[in-house]
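Visitor: I should like to learn how an interface and a sheet are to be read in a model. May we go through the features in turn?

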There are 2 protein chains.
Amino acid sequence: MTDTVISSATKEVVIGFGRPFVMIGERINPTGRKLLAEEMKNGDFSRVVADAIAQVEAGAQMLDVNAGIPLADEPALLVRAIKEVQAVTDVPIAIDSSIVEALEAAIEIYEGKPLINSVTGEEEVLERVLPFVAKHGAAVVAISNDETGISEDPNIRFDVAKKIVNRAADHGIPASDVIVDPLVMPIGAMGTAGRQVFELLGRLRDELKVNTTCGASNVSFGLPNRHHITGTFLAMSIGAGMTSAIMNPLHTEVKTAIMAADVLNGQDENCAAWIQANRDPAEAAAGAGGRRRGGRRRAAAGS
Amino acid sequence: MTDTVISSATKEVVIGFGRPFVMIGERINPTGRKLLAEEMKNGDFSRVVADAIAQVEAGAQMLDVNAGIPLADEPALLVRAIKEVQAVTDVPIAIDSSIVEALEAAIEIYEGKPLINSVTGEEEVLERVLPFVAKHGAAVVAISNDETGISEDPNIRFDVAKKIVNRAADHGIPASDVIVDPLVMPIGAMGTAGRQVFELLGRLRDELKVNTTCGASNVSFGLPNRHHITGTFLAMSIGAGMTSAIMNPLHTEVKTAIMAADVLNGQDENCAAWIQANRDPAEAAAGAGGRRRGGRRRAAAGS
């Protein structure tokens with residue numbers, strides 16, 4: 001099956017079917033975070049660094065880095081943010097911008113093979129982004145909208161994704177380096193948003209054979225207790241074939257659902273990660289002897 | 001799509017694709033509940049009655065009733081349990097026994113159209129159970145094992161399900177009155193248990209066009225924090241096409257995952273049930289005025 005390899009200078013992450021789901025931390029993004037935007041604009045990247053460390057500690061295998069601040073010098077800010085993050089963590093990065101110049105500047109200084117987030121099906125964007133993705137041997141997120149916007153028809157979204165995959169091939173980028181984002185709408189505004197994505201995921205896996213990702217939080221926008229909706233959405237998406245997502249690993253409900261989905265998908269061997277994460281804290285503190293005792297306690301509690 | 005109607009004397013429940021998932025409360029079952037078994041054997045059904053009321057209050061649309069106690073007069077106990085439950089709730093019942101005589105005695109006194117739980121693919125069981133299911137116009141759970149046991153090959157389990165559906169038709173029972181249980185193994189013992197069920201659910205929906213159910217708790221047997229595993233399993237199963245399950249509605253993690261899956265499957269119109277269940281308690285107490293204020297609070301908290 002299709003494997004997409006993303007790397008930093010020292011670490012590789014593989015996104016693929018029949019592998020554990022890859023969590024890409026979403027936090028380093030000034031959109032809707034006034035304080036972070038203000039700090040970044042003023043050259044203070046301490047919160048960026050702290051967010052990077054916290055997300056990796058919470059289990060993110062990759063980090064998305066976005067520096068989209070209106071009226072700021074986005075290419076310079078994105079370059080700085082990526083340097084700061086690469087200085088403190090070794091996880092690969094999704095370089096995230098809607099400004100092509102920012103992507104281009106960041107890919108130049110990135111150490112490793114990044115994931116470029118993103119290219120759309122718009123002609124102008126395709127022909128500006130794909131050449132430097134190809135030149136640097138990077139991977140790229142393909143967002144399934146084009147000049148006509150985001151279609152509510154999953155078949156049209158599939159066709160846009162297919163067009164991007166084909167165009168990437170024309171530029172020498174293999175399908176294994178294209179990760180499709182089927183686009184996730186808020187379920188509170190559009191009741192079919194979930195089913196559309198689940199259906200698209202199946203076709204993207206079976207027909208295009210590409211890996212997939214999404215901005216997961218969008219699905220629960222405006223709903224109460226929203227992290228449960230996001231987590232359940234991701235579990236159902238994993239069941240339908242999604243292989244990575246840009247999400248917040250600090251939200252326990254989301255991370256727990258992903259870990260459980262990995263177990264149920266047969267991607268957590270012997271349930272080792274699940275058992276480790278859900279050990280009795282007293283037992284974890286007690287070490288090996290405690291583990292043996294804990295084994296019995298768990299069996300009793302679980303029955 | 002296929003609708004299965006189950007009823008009590010005064011209430012109908014419809015299990016079907018494109019409908020909210022149906023939760024069948026599992027609690028009234030003396031297996032592994034020594035105290036309940038002891039009480040039932042001694043003619044004390046107060047806990048059965050309390051479990052019935054609690055599960056319906058927690059959202060169960062149906063109740064499974066089982067009286068399987070070794071060396072007890074199971075037909076008499078099952079009849080009594082069903083009478084007690086029907087006296088205090090109006091939800092339809094899944095009459096649950098592996099003893100054919102118990103099913104036969106219970107169906108005689110049941111008020112409404114019950115779900116008989118269950119028939120297997122074993123010749124002797126098929127030919128004893130299907131005639132009285134047909135005679136009473138009941139629905140039946142078809143468990144996909146036969147004389148050779150439970151196959152680890154999902155294709156064989158599909159074939160057994162198909163055989164039961166065909167045999168039911170021979171007895172005049174329509175496929176819409178057969179609910180297939182694909183059989184759920186503990187994921188801790190068999191890493192493929194989840195994927196097998198997800199795959200089977202798709203085939204049962206698309207090829208046999210039958211509704212489905214399962215004993216959900218089994219999937220998480222022996223694991224820590226097991227209710228999260230069960231809930232996530234059910235959400236993924238709902239995504240794959242499962243339409244009902246025998247589960248514990250009192251386990252918040254399980255019920256929350258099912259409600260979220262209904263939202264994401266487009267089966268909770270305007271997310272009304274989700275919003276109602278997740279309202280800020282202060283706001284719920286304040287009534288209509290509070291709802292308006294709460295609307296803004298929710299929006300702020302959700303952003």
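Visitor: How many residue pairs are in polar contact across the interface of chain B and chain A?

Guide: A polar contact is a pair of N or O atoms within 3.5 Å; within protein, one must be able to donate a hydrogen and the other to accept it, and residues adjacent in sequence count only if both atoms are side-chain atoms. Across the interface of chain B and chain A, six residue pairs satisfy this rule, both residues at pLDDT 80 or more. The model is predicted: local features need pLDDT of at least 70, side-chain atom pairs count only at pLDDT 80 or more, and totals for chains, interfaces and linings use all residues. Side-chain values use heavy atoms, with hydrogens and water left out, residues are numbered from 1 along each chain as its sequence is written, and chains are lettered from A and ligands numbered from 1 in the order in which they are written.

Visitor: Which helices of chain B supply the side that touches chain A?

Guide: Helices here are DSSP runs (H or I, at least four residues), and strands likewise (E, at least two), numbered from the N terminus. In chain B, α7 (193-208), α8 (226-240), α9 (252-264), α10 (272-277) and α11 (281-302) each supply at least two residues of that side. The largest share, nine residues, belongs to α8(B).

Visitor: How is the size of an interface expressed?

Guide: It is often given as the accessible area lost when the parts come together. With a 1.4 Å probe and summing over both parts, chain B and chain A bury about 2900 Å², 72% of it on carbon and sulfur atoms. B:Pro224, B:Met236 and B:Leu264 supply 23% of the area that chain B buries against chain A, more than any other three residues.

Visitor: In what order do the eight strands of the open sheet in chain A run?

Guide: Strands of a sheet pair through backbone hydrogen bonds, either parallel or antiparallel. Two strands count as paired if DSSP finds at least two bridges between them. In chain A the order is β9-β8-β7-β6-β5-β4-β3-β10, with parallel pairing. At the edges stand β9 (211-212) and β10 (244-247) of chain A, each with a single partner strand, so one side of each lacks a neighbour in the sheet.

Visitor: Over how many bridges do β3 and β10 of chain A pair?

Guide: Strand β3 (residues 22-28) of chain A joins β10(A) over four bridges, in the parallel sense. A:Val22 stands opposite A:Ser244 in β10(A).

Definitions and conventions. Buried area = accessible area lost by both parts, 1.4 Å probe.
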